[in-house]
Amino acid sequence: MNALAKQSRFSQRPLVRNGIHGVVFKAQDGLAHHAANMIIEQLRAKPDSVLCLPTGRTPLLTYRKLVEAYQRNEVSFRHATIFNVDEYVGLGKQDQGSFATYMRDNLFDHIDCPATKRFIPDGRAEDLQQETRDYETRITEAGGIDLMVLGVGNNGHIGFNEPGSEATSRTRIVKLAPQTLQANAADLPQKKRPTEALSIGMQTIMEARRIVLLAMGETKRPALEHLFARLHPEQWPVSLLADHPDFTVLMDEQALPFKVR
């Protein structure tokens, strides 16, 4: 790749709008490179950092870059603790379509984070209510989340905090919105697709010391429009992130809901 192509690939523009800090990328590859570097820098500054990571299509390229950096000995997860944002109710750790399987396939099986320091809600727990309480306890016992990385749904959900989620919510059982079920259908078992999930709550998210939001593609424009305008957080949970003291949005040009000079 020549220098001009590489420069274009990683082209970025910082912005501040309505008190919200963001970075706009020309290409998704540049966004993923930047996101991976933020995680790497966090681990270099604090090797025993507590991370909270998302699933879905958006972070896949970021995870690939983290694995490549690990293979080049540029980062270690050996002392880190990793929590996941959510999991489907009814899917176990070995089930196809579960987020536990997603994380193993795309990150955990390729890095050195010990299995004892990786946590994902158990969608098949005998007592789901107790599982949600235990998950909050694990986060607290780990010292709280240093870096929270999030994606955003087309309807503005964060994790599986769907429209109508309360700002004071903690890890809990949530009913998935029809729009979310439709968007995720291709990744789920056809015979019995989950309609509920376990998700960390908005207050749990807001207590993280640092939050990074990843948004790619034009379908995310409405969510970012509400975020940057700080509009209707009761129906667009992503808008709640605007009040976090250390919050950054990484977005590609397709997701940007306004023009930047």
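This passage walks through the sheet, the aromatic rings and one buried proline of the structure above.

The model is a predicted one, and the place to begin is how far it can be trusted. Across the protein chain the mean pLDDT comes to 94, with 96% of the residues at 70 or more. Residues 1–5 are another story: their pLDDT is below 50, and beyond near neighbours in sequence this stretch makes two contacts in the model. Where pLDDT is low, the predicted coordinates should not be read in detail.

Next comes the sheet. Eight strands make up an open sheet with mixed pairing, and reading across it gives the order β1-β2-β11-β10-β7-β3-β4-β6. At the edges stand β1 (12–17) and β6 (118–119); each has a single partner strand, so one side of each has no neighbour in the sheet.

Starting from the β1 edge, β1 and β2 are antiparallel and share six bridges. Within this pairing, Arg-13 sits opposite Val-24 of β2. The two strands form a hairpin with two residues between them, and Asn-18 in the turn has a positive phi of about 55°. Strand β2 itself (residues 20–25) is mostly covered, with five of its six residues buried. On to the next neighbour: β2 pairs with strand β11 (residues 247–252) in the parallel sense, this time over five bridges. Here Phe-25 is found opposite Asp-252 in β11.

Further along the sheet is β7, a handy strand for seeing how neighbours line up. Strand β7 (residues 147–150) runs parallel to strand β10 (residues 210–215), and four bridges join them. Met-148 faces Ile-211 across this pairing, while Leu-147 stands opposite Arg-210, also in β10. With strand β3 (residues 50–53), β7 is again parallel, joined by two bridges. In that pairing Leu-51 is the residue opposite Leu-147.

What about the two faces of β7? In a regular strand the side chains alternate between the two faces of the sheet. In β7, Leu-147 and Val-149 are on one side and Met-148 and Leu-150 on the other, and all of them are buried, so both faces are covered. Towards the other edge of the sheet, helix α5 (residues 128–141) lies across β4 (81–84) and β6, and its direction is about 150° from that of β4.

Now for the aromatic rings, which form seven pairs in the structure. One of them is Tyr-88 with Phe-160, a tilted pair with 5.5 Å from centre to centre and 45° between the planes. This pair links distant parts of the chain: Tyr-88 belongs to strand β5 (residues 86–88), whereas Phe-160 is in the loop between β7 and β8 (172–175), 72 residues apart. Tyr-88 has a relative accessible area of just 2%, so it is buried. Phe-160, at 3% relative accessibility, counts as buried too.

Another pair, Phe-228 with Phe-258, is edge-to-face, with the ring centres 5.2 Å apart and the planes at 90°. Phe-228 is part of helix α8 (residues 221–229) and Phe-258 is in the segment after β11, so the pair ties together parts 30 residues apart in sequence. Both Phe-228 and Phe-258 are buried. Phe-258 has a charged companion as well: the charged end of Arg-17 sits over its ring, 3.8 Å from the centre. Elsewhere, ring pairs join Phe-83, Phe-119 and Tyr-135 into a cluster.

One last stop is Pro-121, in the loop between β6 and α5. Its relative accessibility is 3%, so Pro-121 counts as buried. Leaving out residues up to four places away in sequence, Pro-121 touches Asn-84, Asp-86, Glu-87, Glu-131, Tyr-135 and Leu-198. Among these contacts of Pro-121 is Tyr-135, which is also a member of the ring cluster with Phe-83 and Phe-119. As for Phe-83, its C-alpha lies 8.7 Å from that of Pro-121, although 38 residues separate the two in sequence.

Conventions
Residues numbered from 1 in each chain as written. Predicted model: local features only at pLDDT ≥ 70, side-chain atom pairs only at ≥ 80, totals over all residues. Heavy atoms only, no water. Pairing = 2+ DSSP bridges. Contact = heavy atoms within 4.5 Å. Axes fitted to C-alpha atoms, helices over the stretch in contact; angles between N-to-C directions. Buried < 20%, exposed > 50% of the residue type's maximum accessible area, 1.4 Å probe, protein only. Phe/Tyr/Trp six-rings, centres within 6.5 Å; stacked < 30°, edge-to-face > 60°. Lys NZ or Arg CZ within 6 Å of the ring centre and 35° of its normal. pLDDT = per-residue confidence, 0-100.
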